[in-house]
Amino acid sequence: MKIYMNGELVPEQDAKVSVFDHGLLYGDGVFEGIRAYNGRVFELESHVDRLYDSAKAIALEIPMSRADMVAAVVETCRANGLREGYVRLLVTRGVGTLGLNPYLCETAQVIIIAADIQLYPAELYEQGLKIITAGTTRNLPEAVNPRIKSLNYLNNILAKIEAINAGCMEAVMLNSQGAVAEATGDNIFVVRGNNLLTPPVSEGALDGITRKVVMQLAAEEGMNVIEQRLSRYDLYTADEVFLTGSAAEVIGVVDIDRRQIGDGAPGAITRRLVDVYRKHANSNGTAI
Ligand code: PMP
């Protein structure tokens, strides 16, 4: 495997980071997880835009243009013969001192890994996920805004630990007011009648790119797409619940905190959106 590091494609065993990189020392950096389908990188420009927005929010200057970043992702896929898979794009603050001061770091490091993706097992798309709500509150937007896709995922990891300890693969995270924010690595949607409901990102969620695409596709399917505050009550009493993310795509949720959702199997609208999303993702994107 060839890894893109600061303008060069290097063999995997040579793709190394310094122990003084603030990405390692402090989680100081930003990243993206992107999918490639059928020889195309899906929503590449949206991911690159979000990367630069995350970087801007943490005062991290990415030492290359957006256009060059798009080209570098495509080049890395090509160098690895990747037509289907997962691209991890990260920018670390770079090598600095043992102190926090990011201004003492040399230039930011850009790393691109084009690899496979470990999806949920195929049968889970048929059966649906069982999830819990986590006790760990989602980061406050006033502190580290969840819109920043930073290299510090401890908040999500703490909730993920709760999920795994409860025998589940995902957890819903609530904000400090107890409203639904998102899952640890996915956005969340509720279906009620012909309405598709999802919390606004201001509730403490990443502005998910799959979320955006699903909202567009659902509107084209004739649904009313509404961003509104949701409580756990709204989840428990929903007709259907599903999660969205670049890795997970669209996946139904059938049980939350031991409340069965709908009839206990992914509902008709979820199944329709799983199909429509896959079709869309397989036929759109930046050519590799
Ligand atoms: N929320 C969080 C916390 C995530 O890590 C992700 C995955 N990157 C998502 C939501 C879904 O975002 P996207 O659809 O852009 O992959």
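The chain splits into two parts in its domain assignment: domain 1 covers 2-115 and domain 2 covers 122-281. Keep in mind that this is a predicted model. Measure from centre to centre over C-alpha atoms, and the two domains sit 26 Å apart. Below, we look at how they meet, then at the salt bridges, and then at two residues worth finding on your screen.

**Where the two domains meet**

- Domain 1 brings 23 residues to the contact, and domain 2 brings 19 residues.
- Together the domains bury about 1600 Å² between them, and 62% of that area is on carbon and sulfur atoms.
- Which three residues should you click on in domain 1 to see the biggest contribution to the area it buries against domain 2? They are Phe31, Phe42 and Arg50, which supply 37% of that area, more than any other three residues.
- Polar links cross the boundary too: ten residue pairs are in polar contact between domain 1 and domain 2.
- On the domain 1 side, four elements give two or more residues to the surface that touches domain 2: helix H1 (22-26), strand E3 (29-37), helix H2 (44-57) and strand E5 (85-92).
- Strand E3 gives the largest share of that side, with seven residues.
- Sort the residues on that side by type and you get ten nonpolar, eight polar and five charged.

**Salt bridges between the domains and elsewhere**

- Side chains of opposite charge can pair when their charged atoms come close.
- How many salt bridges does a search of the whole structure find? The search turns up 13 of them.
- Between domain 1 and domain 2, the count is two salt bridges.
- Glu249 and Arg35 form a salt bridge through their side chains, with an N to O distance of 3.7 Å.

**The Arg93 and Asp28 pair**

- Arg93 and Asp28 make a salt bridge whose closest N and O atoms are 2.8 Å apart.
- This pair ties together distant parts of the chain, 65 residues apart: Arg93 is in the loop between E5 and strand E6 (109-115), while Asp28 is in the loop between H1 and E3.
- Are these two buried or exposed? Both Arg93 and Asp28 are buried.

**The Arg211 and Asp207 pair**

- Arg211 and Asp207 also meet in a salt bridge through their side chains, at 3.9 Å from N to O.
- The two partners differ in their surroundings: Arg211 is buried at 5% relative accessible area, whereas Asp207 is partly exposed at 31%.
- Why does Asp207 count as partly exposed? Its relative accessibility is 31%, so it falls between the 20% limit for buried and the 50% limit for exposed.
- Salt bridges with shared partners connect Arg147, Asp207, Arg211 and Glu227 into one network.

**Glu32, a charged residue with no accessible area**

- You'll find Glu32 in strand E3.
- Glu32 is buried, and its relative accessible area is 0%.
- Glu32 pairs with Arg50 in a salt bridge, with 2.8 Å between the closest N and O atoms.
- That pair links distant parts of the chain, since Glu32 is in strand E3 and Arg50 is in helix H2, 18 residues apart.
- Arg50 is buried as well, because its relative accessible area of 10% is under the 20% cut-off.
- The side chains of Glu32 and Arg50 are also listed as a polar contact at 2.8 Å.
- Which other side chain does Glu32 join, through a polar contact of 2.7 Å? That partner is His47.
- Setting aside residues up to four places away in sequence, Glu32 touches His47, Arg50, Leu51, Val87, Arg88, Leu89, Lys149 and Ile209.

**Tyr125 in helix H4**

- Where does Tyr125 sit? Look in helix H4, residues 122-127.
- Tyr125 has a relative accessible area of 9%, so it counts as buried, the limit being under 20%.
- If you skip neighbours within four places in sequence, the contacts of Tyr125 are Leu119, Tyr120, Ala247, Ala248, Val250, Ile251, Pro266 and Arg278.
- For a sense of scale, the C-alpha atoms of Tyr125 and Ile164 are separated by 19 Å, and the two residues are 39 residues apart along the chain.

How values were computed:
Residues numbered from 1 in each chain as written. Predicted model: local features only at pLDDT ≥ 70, side-chain atom pairs only at ≥ 80, totals over all residues. Heavy atoms only, no water. Domains from an automatic or database assignment. Contact = heavy atoms within 4.5 Å. Buried area = accessible area lost by both parts, 1.4 Å probe. Salt bridge = Lys/Arg side-chain N within 4 Å of Asp/Glu carboxyl O. Polar contact = N/O pair within 3.5 Å; in protein donor to acceptor, adjacent residues only side chain to side chain. Nonpolar A, V, L, I, M, F, W, Y, C, P; charged D, E, K, R; others polar. Buried < 20%, exposed > 50% of the residue type's maximum accessible area, 1.4 Å probe, protein only.
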